[in-house]
Amino acid sequence: MTEESTGPVNPNEAIARAEDRAQGTSTKNLPDFTDLPVPEDTANLRLGPNLHDGLLALLPLVGVWRGQGQAAHPTEEEFTFGQQLVFAHDGENRLRYESRTWRMDEDGQPLNTPDRRESGWLRINDDDAIEMIITHSDGIVEILYGKPLTERAWELESASTMVTETGPAELGPGKRLYGLMPNNDLGWVDERLVNGEMVPWMSAQLQRTVG
């Protein structure tokens, strides 16, 4: 670090510096970096790097999916949500997973109310054993394991569920089922252990929009 950067900064000078920097940054937002020396993520099997051979059992999931579903959190009344789900890859033996949801009103119209978000990774070994790591925006980290049920359906169960101090302590371990429906929509269901019983927590039907 230079002597200038370690010394005290005059508030007016700091503001001037920030305004100076903003000349080149104020019109920018989260970018898609296209200048990295590694392949970009793709959710379209026709574009970008080839899908790793180890992921063939998960191939039908790759894409961007949108639709809506129902949620019944343990401490809330049932509500409708919209969702975008992304399964993408970069040519390596892993899938990137991302989910964004938002609340819907009683007439099925989206509200400007961001809801639960999830991000994580899926991997699968030569015996088709699936590993899924999910980080939830409301203070949960999960490890799930499972296997393909068919070429179009996958089931995973929580092996480890950790909740932060401010997370939903009443939410127990869960089971997820993902599957392609006869019309090729993606359906998924998440059940949770509540008071010793597995009960539906979230479910949705999503249409492919990319891939």
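User: How many aromatic pairs does the count come to?

Analyst: Three aromatic pairs, where rings of Phe, Tyr and Trp (its six-membered ring) pair if their centres lie within 6.5 Å. The rings of Phe87 and Tyr178 are one such pair, with centres 6.0 Å apart and planes at 85°.

User: What makes the pair of Phe87 and Tyr178 edge-to-face?

Analyst: Planes under 30 degrees apart count as stacked, over 60 as edge-to-face and the rest as tilted. The planes of Phe87 and Tyr178 are at 85°, so the pair is edge-to-face. Phe87 belongs to strand E2 (residues 79-88) and Tyr178 to strand E8, so the pair ties together parts 91 residues apart in sequence. Strands (E, at least two residues) and helices (H or I, at least four) are DSSP runs, numbered from the N terminus. One aromatic cluster is formed by Phe87, Tyr97, Tyr178 and Trp188.

User: What kind of model is this, and which residues count?

Analyst: It's a predicted model, in which local features need pLDDT of at least 70 and side-chain atom pairs count only at pLDDT 80 or more, while totals for chains, interfaces and linings use all residues. Residues are numbered from 1 along each chain as its sequence is written, and side-chain values use heavy atoms, with hydrogens and water left out.

User: What is the overall pattern of the chain?

Analyst: Along the sequence it goes α-α-β-β-β-β-β-β-β-β-β-β, meaning two helices and ten strands.

User: How do you know that Asp90 is buried?

Analyst: Buried means under 20% relative accessible area, exposed over 50%, and partly exposed in between (1.4 Å probe, protein chains only). Asp90 has a relative accessible area of 15%, so it counts as buried. Arg94, at 33%, is partly exposed. Across the 211 residues of the chain, 34% count as buried, and both Phe87 and Tyr178 are buried.

User: Why is the contact of Arg94 with Asp90 called a salt bridge?

Analyst: The rule asks for a side-chain nitrogen of Lys or Arg within 4 Å of a carboxyl oxygen of Asp or Glu. For Arg94 and Asp90 the closest N and O atoms are 2.7 Å apart, so the pair passes the cut-off. The structure holds twelve salt bridges.

User: What does the salt bridge of Arg116 with Asp138 tie together?

Analyst: The closest N and O atoms of Arg116 and Asp138 are 2.5 Å apart. Arg116 is in strand E4 and Asp138 in the loop between E5 and strand E6 (140-150), so this pair links parts 22 residues apart in sequence. Arg116 is buried at 4% relative accessibility, whereas Asp138, at 30%, is partly exposed.

User: What about Arg192 and Asp190: buried or exposed?

Analyst: Both Arg192 and Asp190 are buried, and their side chains meet in a salt bridge, 2.9 Å from N to O. Through shared partners, salt bridges join Arg116, Glu118, Asp138, Glu142, Arg176, Asp190 and Arg192 into one network.

User: How do you know that Asp185 has no salt bridge?

Analyst: Lys and Arg count as positive and Asp and Glu as negative, with His and the chain ends not counted. The nearest side chain of opposite charge to Asp185 is Arg208, 8.5 Å away, which is outside the 4 Å limit. Asp185 is nonetheless buried, in the loop between strand E8 (174-180) and strand E9 (186-194). Beyond its neighbours within four places in sequence, Asp185 is in contact (heavy atoms within 4.5 Å) with Trp65, Gly179, Leu180, Gln205, Leu206 and Gln207.

User: What makes the phi of Asn184 worth a look?

Analyst: Most residues other than glycine have a negative phi. Asn184 has phi near 70°, a positive value. Asn184 lies in the loop between E8 and E9 and is partly exposed, at 44%. Asp128 also has a positive phi, near 65°; its place is in the loop between strand E4 (110-124) and strand E5 (130-136).

User: What makes the charged end of Arg103 sit over the ring of Phe79?

Analyst: The rule wants NZ of Lys or CZ of Arg within 6 Å of the ring centre and within 35 degrees of the ring normal. The charged end of Arg103 is 3.6 Å from the centre of the Phe79 ring, so the distance test is met.
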